[in-house]
Amino acid sequence: MDNETIGSTLDQVADLLEIEGASVFRVRAYRGAARTVSALASPVSTLPEKGPGSLEELPGIGKDLAGKIRELAETGELAMLHELKSRTPESLIHLLELPGLGPKRAKAIHEGLGIDTIEELEKAAREGRLRALKGVGPKLEAQILEGIAARAARGKRISLAEAEAQVEPIVARLREVPGVLRIEVAGSYRRRRDNVGDVDILVAADVSVAIGKKLIADPQTDKVLADGDTKTSVLLKSGLQVDLRVVPEETFGAAMHYFTGSKAHNIAIRTLGVRKKLKISEWGVFQEDKRLSGEREEDVFEAVGLAWVPPEIREDRGEIDAAREGKLPKLVERAELRGDFVAGKPDADELAAITSAWRAKGGAWLVVIGAPRSVIERAREHAGVELFAGRVVTIGEGGSIGASEEELAEVDVVIGEIDAANLAEKALTQALVAAVETGCLHVLARPFGAGKPRQFDVEAVAKACRERGVLLGLDARFLQGADGYARAVKEAGARLALTSHARNVEEVELLRYGLDQARRGWCEAKDVANTLSAGELRTFLARG
DNA sequence: GCCGTTTTCGGCCCGACTGTTTTCAGTCG
Ligand SMILES: Nc1nc2c(ncn2[C@H]2C[C@H](O)[C@@H](COP(=O)(O)OP(=O)(O)OP(=O)(O)O)O2)c(=O)[nH]1
Ligand SMILES: [Mg+2]
Ligand SMILES: [Mg+2]
């Protein structure tokens with residue numbers, strides 16, 4: 001079973017335990033493990049059984065959870081989950097998707113009314129039977145019916161680019177409201193996750209500004225989910241949820257920290273505070289109810305003895321220890337990028353437009369993939385950036401390279417791509433290592449199958465790449481799991497190549513989404529080949 | 001279920017909004 005499926009299975013366990021009324025801390029442990037396993041770059045089977053790097057060494061995973069994760073990885077089954085399902089119907093998990101319906105009410109609905117499914121719930125709500133339950137009245141009943149009706153319209157997670165497109169005009173309108181002192185998008189958007197579940201906006205303003213009402217009146221707003229003094233949530237017409245938080249300017253820093261998250265990072269920071277007898281919340285840092293600070297985001301970190309942590313790595317995956325020890329990475333920045341890999345299909349005019357746009361951005365070189373040499377030669381004359389000829393070659397199942405030596409000699413950069421659909425994890429790893437060891441490749445593309453990243457032993461492959469001077473490609477068009485991939489590559493001492501595959505001027509912009517994921521993967525300039533100068537790249541290509 | 005410059009037992013982040021409630025539980029961020 002792959003890591004993502006193990007993660008969602010552990011989340012199912014957490015849901016069922018929660019419905020059963022298990023300890024919230026036990027539930028949290030399962031959710032934490034789910035999150036940790038989903039983020040692993042390589043399959044569980046590649047981790048050592050014991051000692052450094054083993055499952056049990058991962059924070060929040062002890063003997064018990066490690067055993068369950070191994071059981072899932074090896075057999076695809078979990079005995080405990082079967083037992084849970086025999087006690088509590090699995091279908092109850094779907095009730096939790098309805099807004100306002102959590103584990104307590106799901107349990108009450110199941111036990112009090114014998115309801116197991118959304119269909120039964122809808123029938124009961126229509127007949128007014130839900131209000132027989134303690135704590136449920138006509139309003140909740142109506143809300144549940146509405147939730148069932150609106151189920152399909154409520155959006156799923158969307159890409160960061162899509163979220164940017166939707167939210168930028170809204171933020172622009174809110175920014176113009178008189179009395180808005182500061183406005184920033186926080187949450188997973190600020191942490192630059194490749195997909196976001198909602199958009200979280202923080203505003204510094206007086207309550208009298210009633211900024212929440214302005215969001216409610218926005219042309220894109222469809223439905224109001226909640227509306228209080230400091231917090232408003234709406235659903236846009238697109239189905240995207242927007243959460244708005246309003247605070248006075250003097251608590252903007254602490255509020256930014258809270259609203260940026262992640263949840264796991266917040267809990268870790270607040271726990272450090274508790275040990276120092278401090279209380280940390282969106283309202284500031286407090287000692288015995290006396291407010292110490294909170295105007296700046298740094299205040300929160302300083303209060304617990306940490307350096308300011310870049311939002312991209314606030315995931316409780318080691319950044320807190322690093323911030324304490326002064327070992328935070330100096331994350332690679334946009335201004336440091338000098339090269340990109342673009343698609344070769346464009347005609348000479350399009351290529352000229354791309355090269356001049358890239359030069360205008362401060363770029364120094366481009367690898368043009370798949371263009372005829374003649375096109376590149378001609379483009380070179382007016383390019384103003386150095387052009388390299390690139391070619392994609394197919395890697396066979398045994399790691400063979402699908403091109404002749406003469407063909408390879410015609411280009412400057414050889415990019416190996418494997419058709420991974422039919423290979424198991426181990427065979428895939430072996431094929432990739434073998435391909436790298438032919439010495440023919442300059443870049444190894446990230447393997448995908450059926451539109452999803454394929455699992456393999458990233459550490460083993462990245463180490464082979466490091467030895468052979470091969471870059472690991474990170475395609476900015478396909479970023480699922482790219483942050484974990486980047487981190488594993490960096491930790492193996494290898495180097496990434498971010499590739500936009502731009503076919504036109506607009507798509508050159510895509511590279512920054514790749515950069516975001518490299519940053520989430522703790523990458524510094526030295527970990528990303530796009531920061532090399534043209535001369536340095538040339539030397540690298542010559543395996544110098 | 002995990003974990004330990006307090007601890008191997010007994011804690012585990014903190015607050016806003018809603019509905020149903022005569023004082024707070026549930027859900028969500
Ligand atoms: N302290 C604390 N903060 C939380 C909790 N839940 C959420 N937050 C904070 C951190 C989150 O990043 C921020 C926004 O919440 P969201 O539910 O929108 O999560 P986030 O944006 O991280 O991910 P998303 O893509 O929306 O699923 O609020 C919590 O239980 N405790
Ligand atoms: Mg969010
Ligand atoms: Mg949110």
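**Figure 1. Glycine 261, just after helix α12, takes a positive phi of about 70°.** Helices (H or I, at least four residues) and strands (E, at least two) are DSSP runs, numbered from the N terminus. This is a predicted model, in which local features need pLDDT of at least 70, side-chain atom pairs count only at pLDDT 80 or more, and totals for chains, interfaces and linings use all residues; side-chain values use heavy atoms, leaving out hydrogens and water. Residues are numbered from 1 along each chain as its sequence is written, while chains are lettered from A and ligands numbered from 1 in the order in which they are written. As for α12 itself, eight of its nine residues are buried, so the helix is largely enclosed by the rest of the structure. The buried set is Phe252, Gly253, Ala254, Ala255, Met256, His257, Phe259 and Thr260. Buried here means under 20% relative accessible area, exposed means over 50%, and partly exposed is in between (1.4 Å probe, protein chains only).

**Figure 2. Ligand 1 has 15 residues around it.** The closest of these are Arg157, Ser188, Arg191, Gly197 and Asp198; a residue is near a molecule or strand if one of its heavy atoms lies within 4 Å of it. Two arginines reach oxygen atoms of the ligand with polar side-chain atoms: arginine 157 at 2.7 Å and arginine 191 at 2.9 Å. A polar backbone atom of threonine 260 is 3.4 Å from an oxygen atom of ligand 1. Polar contacts are pairs of N or O atoms within 3.5 Å; within protein, one must be able to donate a hydrogen and the other to accept it, and residues adjacent in sequence count only if both atoms are side-chain atoms. Taken alone, ligand 1 exposes 590 Å², and the protein buries 72% of that (Shrake-Rupley areas with a 1.4 Å probe; for residues, only the protein chains shown count as cover). The elements giving two or more residues to the shell are α10 (187–190), α12 (252–260) and α13 (263–275). By class, the shell splits into three nonpolar, six polar and six charged residues. For this tally, Ala, Val, Leu, Ile, Met, Phe, Trp, Tyr, Cys and Pro are nonpolar, Asp, Glu, Lys and Arg are charged, and the others, Gly among them, are polar.

**Figure 3. DNA strand B has 48 residues around it.** Arg28, Gly62, Gly102, Gly137 and Thr230 come nearest. Of the DNA atoms that come within 4 Å of the protein, 77% belong to sugar and phosphate. Backbone polar atoms meet phosphate oxygens at glycine 60 (2.8 Å) and at lysine 104 (3.1 Å). Tyrosine 258 goes for a base instead, with a polar side-chain atom 3.2 Å from a base nitrogen. The elements that each supply at least two residues of this surface include α2 (24–38), α3 (63–75), β5 (221–227) and α13. The surface counts 19 nonpolar, 11 polar and 18 charged residues.

**Figure 4. Aromatic pairs: the whole structure has five of them.** Phenylalanine 448 and phenylalanine 478 make a tilted one, 5.7 Å centre to centre with 55° between the planes. Phenylalanine 448 sits in strand β16 (residues 448–449) and phenylalanine 478 in the loop between β18 (471–475) and α21 (482–491), 30 residues apart. Both rings are partly exposed: phenylalanine 448 at 22% relative accessibility and phenylalanine 478 at 41%. Phenylalanine 456 and tyrosine 485, in contrast, pair edge-to-face, at 6.4 Å and 70°. Rings of Phe, Tyr and Trp (its six-membered ring) pair if their centres lie within 6.5 Å; planes under 30 degrees apart are stacked, over 60 edge-to-face, and the rest tilted. Phenylalanine 456 is in the loop between β17 (452–453) and α20 (458–468) and tyrosine 485 is in helix α21, so this pair ties together parts 29 residues apart in sequence. Phenylalanine 456 and tyrosine 485 are both buried. Elsewhere, ring pairs join Phe341, Trp365 and Phe388 into a cluster.

**Figure 5. Charged ends sit over the rings of tyrosine 485 and phenylalanine 286.** Arginine 446 is 4.9 Å from the ring centre of tyrosine 485, and lysine 279 is 5.2 Å from that of phenylalanine 286. The test is NZ of Lys or CZ of Arg within 6 Å of the ring centre and within 35 degrees of the ring normal.

**Figure 6. Arginine 519 reaches the backbone oxygen of valine 332.** The side chain gets there at 2.8 Å. Arginine 519 belongs to helix α22 (residues 511–520) and, at 16% relative accessibility, counts as buried.
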